[in-house]
Protein chains: 2
Amino acid sequence: MKNAQPEKSLSAQIADAIRTAIVDGRLLVGDRLPSEAELADQHGVSRATVREALKRLAAQSLIRTERGAFGGAFVNHLSYDEARAQQVTTSTLLLGMNAISFQVACEARYALERSCTALAAERRTDALLDKMRVEIETQSAPDLSDEAFCASDVAFHRALVDCAGNEVLSYHLAGSVEAMQPLMNMITFTARSRAEIIDLHRAIVAGLELRDVASIDRALATLEAYTITLGQSVLKARATR
Amino acid sequence: MKNAQPEKSLSAQIADAIRTAIVDGRLLVGDRLPSEAELADQHGVSRATVREALKRLAAQSLIRTERGAFGGAFVNHLSYDEARAQQVTTSTLLLGMNAISFQVACEARYALERSCTALAAERRTDALLDKMRVEIETQSAPDLSDEAFCASDVAFHRALVDCAGNEVLSYHLAGSVEAMQPLMNMITFTARSRAEIIDLHRAIVAGLELRDVASIDRALATLEAYTITLGQSVLKARATR
DNA sequence: AGGCATTTAAATGTCTGACAATTATTTTGG
DNA sequence: CCAAAATAATTGTCAGACATTTAAATGCCT
């Protein structure tokens, strides 16, 4: 069994040691780490090296630091929002760097989204349905920018996954769908295509209201097919330009 | 519009600036950043501060550093494996810290997994089916440790999502499912329960072979219900102990 | 005793300058 | 022409210093 990285930098090694302690539960949420000076002593390195290690952990939101007396580095309580923000950053970058075709991205997005329809139909609340109706209203504004339309679209689908009433599922789905948004944004929406999309959004809300899973799935499938068509026409237009 | 963090540390600000440049595409994969000394000059800070900023970015796999002449910090090509590893770290920690009930985790896991069944049935390859059969064989070994059984279970489900033949979907699903494994591991498997699970795995493979989506979904639903039952009995045993 | 201002101490944030270690390139020597 | 040695650029690490922040301790006045 060989070591994967025989000689990582000291700051990376120290970061790994602390990270492992956190993941394994030897350090609990809210625990305070020793001061930088103490850590430097314990590991036999300089304070600068310890600080680089701590910054690595801070970048992963594993710890937070507070200044002043009785400050220091504390094991952070990772919130759903923080975790999702990180997931979105990583995933967005990954997708942006790997020449993903629009069709593959679209297929993945709607496949993921369909995973919550059964639970969403069962558990949808009036508050979330209202939220979705409000977003549909927003999307219907004739002078809305493409950017704002997309933002409202994300909010709409976010509400849809929240309908499933499972916070873990919401976290994963919202992160995944949000990360794909830059790829989805390749499309420019005409008034006509916006109207089509809004109609499908209405169908989704109606399906949720009636707890009719099949109709929601049909609407999502139609939305997927329509989005792919739009994407292809955009690509074709670019190619012949 | 107020600034969220009016005064972040300089190293955090510099890290943000570089991160934004990467995400926005002003820095491309493979590009070399200026040397630490140059960055220090450009931002009017010391080299130590720049180094802390770079370590933050390295922790997110956004850059990699090479030593020596013509070394430096390079914009990293994020691979699916690296991205998934990070996603799993973050998600695992999030789920471990937030008192997620076993039932909620289980429900989310199988909901996500079901999102790929239709595509998987359509596109499954013989190679992946064989892989799944091999894992079933592994799981059938009578002297297998719980740990090894779980590892093989993960590999089996990983192959299932790969059947969908969509790399983006594989990335999201594999990461999500893997992150939930520690929660799933609360269960200790008896010989009897292992046999039940293996039967359901066989049913999944058979369903894929016949491209029978409904039977795969049934098997997954049964697996979900059975897993939740197992989890509840474990919890009950602990409570009365 | 109680409240307010000041001091103090502990910690992180930053800077400076130095040296070690690494590595591609260049030079040198045969 | 090729191999060995010198070179230069760059990151990794260290030591020490000072600035800044913040909670607690202290002291003073009412």
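**View 1. B:Arg67 and the protein surface at DNA strand C.** In this predicted model, an N or O atom in the side chain of B:Arg67 lies 3.3 Å from a base nitrogen of DNA strand C. A:Arg47 also reaches a base of this strand: one of its polar side-chain atoms is 2.8 Å from a base nitrogen. B:Ser46 contacts the backbone of the strand instead, with a backbone N or O atom 2.8 Å from a phosphate oxygen of DNA strand C. There are 23 residues around DNA strand C, and those that come nearest are A:Arg47, B:Leu10, B:Ser46, B:Thr49 and B:Gly68.

**View 2. Make-up of the surface near DNA strand C.** Both protein chains contribute elements with at least two residues each: α3 and β1 (63–66) from chain A, and α1 (10–23) and α3 (47–59) from chain B. The largest share, three residues, belongs to α3(A). By class, the surface holds four nonpolar, ten polar and nine charged residues. On the DNA side, sugar or phosphate accounts for 70% of the atoms of DNA strand C within 4 Å of the protein, and bases account for the rest.

**View 3. Contacts to DNA strand D.** A:Ser46 places a backbone N or O atom 2.9 Å from a phosphate oxygen of DNA strand D. At A:Ala69, a polar backbone atom is 2.9 Å from a base oxygen of DNA strand D. B:Gly68 approaches through its backbone, where an N or O atom lies 3.4 Å from a sugar or linking oxygen of the strand. Two or more residues of this surface come from each of α1 and α3 of chain A and α3 and β1 (63–66) of chain B. Of these elements, α3(B) gives the largest share, three residues.

**View 4. Residues around DNA strand D.** The strand has 24 residues around it, of which A:Leu10, A:Thr49, A:Gly68, B:Arg47 and B:Arg51 come nearest. The surface divides into four nonpolar, eleven polar and nine charged residues. Of the atoms of DNA strand D within 4 Å of the protein, 67% are in sugar or phosphate, with the rest in bases.

**View 5. The interface of chain A and chain B.** Each side is represented in the contact by 47 residues, from chain A and from chain B. About 4,300 Å² is buried between the two chains, with 68% of it on carbon and sulfur atoms. A:Leu94, A:Met97 and A:His172 together supply 14% of the area that chain A buries against chain B, more than any other three residues.

**View 6. Polar pairs and helices at the interface.** The interface of chain A and chain B has four salt bridges. One salt bridge joins A:Arg123 to B:Glu107, with 2.7 Å between the closest N and O atoms. Between the two chains, 16 residue pairs are in polar contact. On the side of chain A that touches chain B, at least two residues each come from α1 (10–23), α3 (47–59), α4 (80–97), α5 (102–114), α6 (117–123) and α9 (167–179). The largest share is that of α4(A), with eleven residues. This side of chain A consists of 25 nonpolar, 14 polar and eight charged residues.

**View 7. Domains of chain A.** The domain assignment divides chain A into domain 1 (10–75) and domain 2 (80–240). The centres of these two domains, taken over C-alpha atoms, are 39 Å apart.

Technical notes:
Residues are numbered from 1 along each chain as its sequence is written. Chains are lettered from A and ligands numbered from 1 in the order in which they are written. This is a predicted model: local features need pLDDT of at least 70, side-chain atom pairs count only at pLDDT 80 or more; totals for chains, interfaces and linings use all residues. Side-chain values use heavy atoms; hydrogens and water are left out. Domain bounds come from an automatic or database domain assignment. Contact means heavy atoms within 4.5 Å. Buried area is the accessible area (1.4 Å probe) that two parts lose on being put together, summed over both. A salt bridge is a side-chain nitrogen of Lys or Arg within 4 Å of a carboxyl oxygen of Asp or Glu. A polar contact is a pair of N or O atoms within 3.5 Å; within protein, one must be able to donate a hydrogen and the other to accept it, and residues adjacent in sequence count only if both atoms are side-chain atoms. Helices (H or I, at least four residues) and strands (E, at least two) are DSSP runs, numbered from the N terminus. Ala, Val, Leu, Ile, Met, Phe, Trp, Tyr, Cys and Pro count as nonpolar, Asp, Glu, Lys and Arg as charged, and the others, Gly among them, as polar. A residue is near a molecule or strand if one of its heavy atoms lies within 4 Å of it.
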